Amino acid sequence: MGVSRLDVFYRRLLLTKLFIGGWGKPEDLKRIFEFRKIVADREKCKTLVSADYPVYINKTEELTDCHVHEGFFISPLEELVPAILPPESIKARFQFIVPKRWQKNRPVCIQLAGTGDHFFWRRRTLMARPMIKEAGMASLLLENPYYGYRKPKDQLRSCLKNVSDLFVMGGALILESTVLLHWLEREGYWPLGMTGISMGGYMASLAVTNWPKPIPLIPCLSWSTASSVFTTGVLSRAVNWAELEKQYTINSVYEKEIIKLLEYCGVNIFYHVSFNTK
């Protein structure tokens, strides 16, 4: 299926390029792909974050219909794969939108951000507060690495500089969602669920796959892979294909070393992304 007219129109509104830095440092790709194999093993992944991982609330605001708690914790990815996150993304930030009165139990839905959803206003206004009114359900809004307060100083808008940033974001969100699920359980909230729109739905799917207990999941406008969005979909014309092909061609480490780390999920991924989308 080709790019739709709506995709073309949307892309014309975006003036910046994705992955202007290329694939990212080869050593970073090696480390995140090795870590990806650990996260893909559910038995190993469920031991990566302790049930008492520290989470802090540092501010509370009272609105007409709810309390808004702001909190933070250090991303577990910083300990497991040191220095893979940019300094600005190490501290995970969130808002916890809680009804003033619970209708039944204390249900909470963790909401992950879609592409371009910086800070918390959009999810708080369009999702969290209506959910309180309609269902008496609280929402926990996690800020993505590379977005909002966690955006690197040299990054323009939502445009990740390197392909490796996308994998780092996913690994961080899986672990950070686990931290929050453990924390909510400790605090006595139940039932717990996860959702997200577009990229947020995809990341939520990854996160609950690695949670060892039954949990509701509602991914909205997302699919089982994001690859087509970048290769043939709405963002395909935003990708800096020339730089990716150049780096792949002149640096043999991608073909001789890094590609071997991806064999468990399909050989020639770099070749497909670099050349088969032209």
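## A tour of the sheet, its helices and a pocket

Start with strand β4, residues 108–112, and strand β6, residues 192–197: the two run parallel and are joined by five bridges. Select C109 and look across to β6, where its bridge partner is G193. Keep in mind throughout that this is a predicted model.

**Stop 1: the whole protein.** Zoom out. The protein has 278 residues, and 47% of them count as buried. Its secondary structure comes to eleven helices and seven strands. Take the contacts between residues at least 6 apart in sequence: 72% of these join residues at least 24 apart.

**Stop 2: the sheet.** Colour the strands. Seven of them form an open sheet in the order β1-β2-β3-β5-β4-β6-β7, and the pairing is mixed. Which strands sit at the edges? They are β1 (56–62) and β7 (217–220), each of which pairs on one side only. On average, neighbouring strands of this sheet are turned by 20 degrees against each other, direction ignored.

**Stop 3: β5 and its partners.** Select 138–142, which is β5. Is this strand enclosed or open to the outside? Five of its five residues are buried, so β5 is largely enclosed by the rest of the structure. Show the side chains. A138, L140 and L142 point one way, S139 and L141 point the other way, and all are buried.

Now look at the pairing. β4 runs parallel to β5, and five bridges join the two. Return to C109: in β5, its bridge partner is S139. So far C109 has been met with a partner in β6, G193, and with a partner in β5, S139. Turn to β3, which pairs with β5 in the antiparallel sense over four bridges. Here F94 stands opposite L142 in β5.

**Stop 4: L112.** Move along strand β4 to L112. At 2% relative accessibility, against a cut-off of under 20%, L112 counts as buried. Select its contacts, leaving aside neighbours within four places in sequence: R123, L142, S177, M194, T195, G196, I197, G200, M203 and A204. L142 in that list belongs to the β5 set that points the way of A138 and L140. G200, M203 and A204 are among the buried residues of α7. For a distance check, pick the C-alpha atoms of L112 and E143: they are separated by 7.4 Å, with their positions 31 residues apart along the chain.

**Stop 5: helix α7.** Select residues 199–209. Helix α7 lies across β4, β6 and β7, and runs at about 145 degrees to β6. How many of its residues are buried? Eight of the eleven are, so to speak of α7 as mostly covered is fair. Show them: M199, G200, G201, M203, A204, S205, A207 and V208. These buried residues pack against β4, α6, β6 and β7.

**Stop 6: helix α6.** Select residues 163–186. Helix α6 packs on the sheet and touches β1, β2 (66–74), β3 (91–99), β4, β5 and β6. Its direction makes about 150 degrees with that of β5.

Pick S164, which is in helix α6. S164 is buried, with a relative accessible area of 5%. Beyond its neighbours within four places in sequence, S164 is in contact with W23, G24 and L29.

**Stop 7: V81.** Find the loop between α4 (76–80) and β3; V81 is there. Is V81 buried or exposed? V81 is buried, with a relative accessible area of 4%. Not counting residues up to four places away in sequence, V81 touches R31 and F35. Now add A172: from V81 the C-alpha to C-alpha distance is 9.9 Å, while the two are 91 residues apart in sequence.

**Stop 8: a pocket.** Finish at the second largest pocket, which holds about 340 Å³ of space. Of the 18 residues that line this pocket, select the closest to its centre: D28, P86, Y146, N162 and D165. Which element gives the largest share of the lining? Helix α6 does, with three residues. Colour the lining by class to see eight nonpolar, four polar and six charged residues.

Key: Residues numbered from 1 in each chain as written. Predicted model: local features only at pLDDT ≥ 70, side-chain atom pairs only at ≥ 80, totals over all residues. Heavy atoms only, no water. Pairing = 2+ DSSP bridges. Axes fitted to C-alpha atoms, helices over the stretch in contact; angles between N-to-C directions. Contact = heavy atoms within 4.5 Å. Buried < 20%, exposed > 50% of the residue type's maximum accessible area, 1.4 Å probe, protein only. 1 Å grid on protein atoms, 1.4 Å probe; cavity = no way out; pocket = protein on both sides within 12 Å on 5 of 7 lines; lining within 4 Å. Points joined across faces, edges and corners; volume = space filled by probe spheres on them. Nonpolar A, V, L, I, M, F, W, Y, C, P; charged D, E, K, R; others polar.
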